Amino acid sequence: MSINREWHATHKLARDASIEERLHWHIQHSVNCGCREIPTSIKRELEARGMTLPTPRSLK
Ligand SMILES: [Zn+2]
């Protein structure tokens, strides 16, 4: 899988980021970059909130 370096350079996720920030980051990441999968814990949190994932870039 390729890394969208430009996106990563402008979208840093802080170590102390809140769950909301992590969810937002991973949603945006899955759309803009396919270098890694969304962690299971994040997927569960999205499902718990009734949020659907956009189609990953890697599957387009
Ligand atoms: Zn990435």
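Modeller: Start with a definition. Donors are N, O and S atoms within 2.8 Å of the metal. Keep in mind that this is a predicted model.

Biologist: How are the donor residues of the zinc ion spaced in sequence?

Modeller: The pattern is H-x20-H-x3-C-x1-C.

Biologist: Which residues and atoms coordinate the zinc ion?

Modeller: Two histidines and two cysteines do. His8 and His29 each bind through NE2. Cys33 and Cys35 each bind through SG. The distances run from 2.0 to 2.4 Å.

Biologist: What do His8 and His29 tie together?

Modeller: His8 sits in helix α1, residues 5-10, and His29 in helix α2, residues 19-32, so the pair links parts that are 21 residues apart in sequence.

Biologist: Is His29 buried or exposed?

Modeller: His29 is buried, at a relative accessible area of 1%. The cut-off for buried is under 20%.

Biologist: How do I read the geometry of the site?

Modeller: Start from the ideal. Four tetrahedral donors have ideal angles of 109.5 degrees at a metal. Here the angles among the four donor atoms are 105 to 113°, and the site of the zinc ion is tetrahedral.

Biologist: What is the secondary structure of the protein chain?

Modeller: Three helices and zero strands. From the N terminus, the order is α-α-α.

Biologist: How much of the protein chain is buried?

Modeller: Of its 60 residues, 22% are buried. The accessible surface is about 4,500 Å², with 49% belonging to carbon and sulfur atoms.

Biologist: And contacts across the sequence?

Modeller: Take contacts between residues at least 6 apart in sequence. Of these, 47% join residues at least 24 apart.

Definitions and conventions
Residues numbered from 1 in each chain as written. Predicted model: local features only at pLDDT ≥ 70, side-chain atom pairs only at ≥ 80, totals over all residues. Heavy atoms only, no water. Donors = N, O, S within 2.8 Å, 3.2 Å for Na, K, Ca; no water. Tetrahedral: all angles 85-135°; square planar, octahedral: opposite > 155°, others 65-115°. Helix = DSSP H or I, 4+ residues; strand = E, 2+ residues; numbered from the N terminus. Buried < 20%, exposed > 50% of the residue type's maximum accessible area, 1.4 Å probe, protein only. Contact = heavy atoms within 4.5 Å. Areas by Shrake-Rupley, 256 points an atom, 1.4 Å probe, with all protein chains shown as cover.
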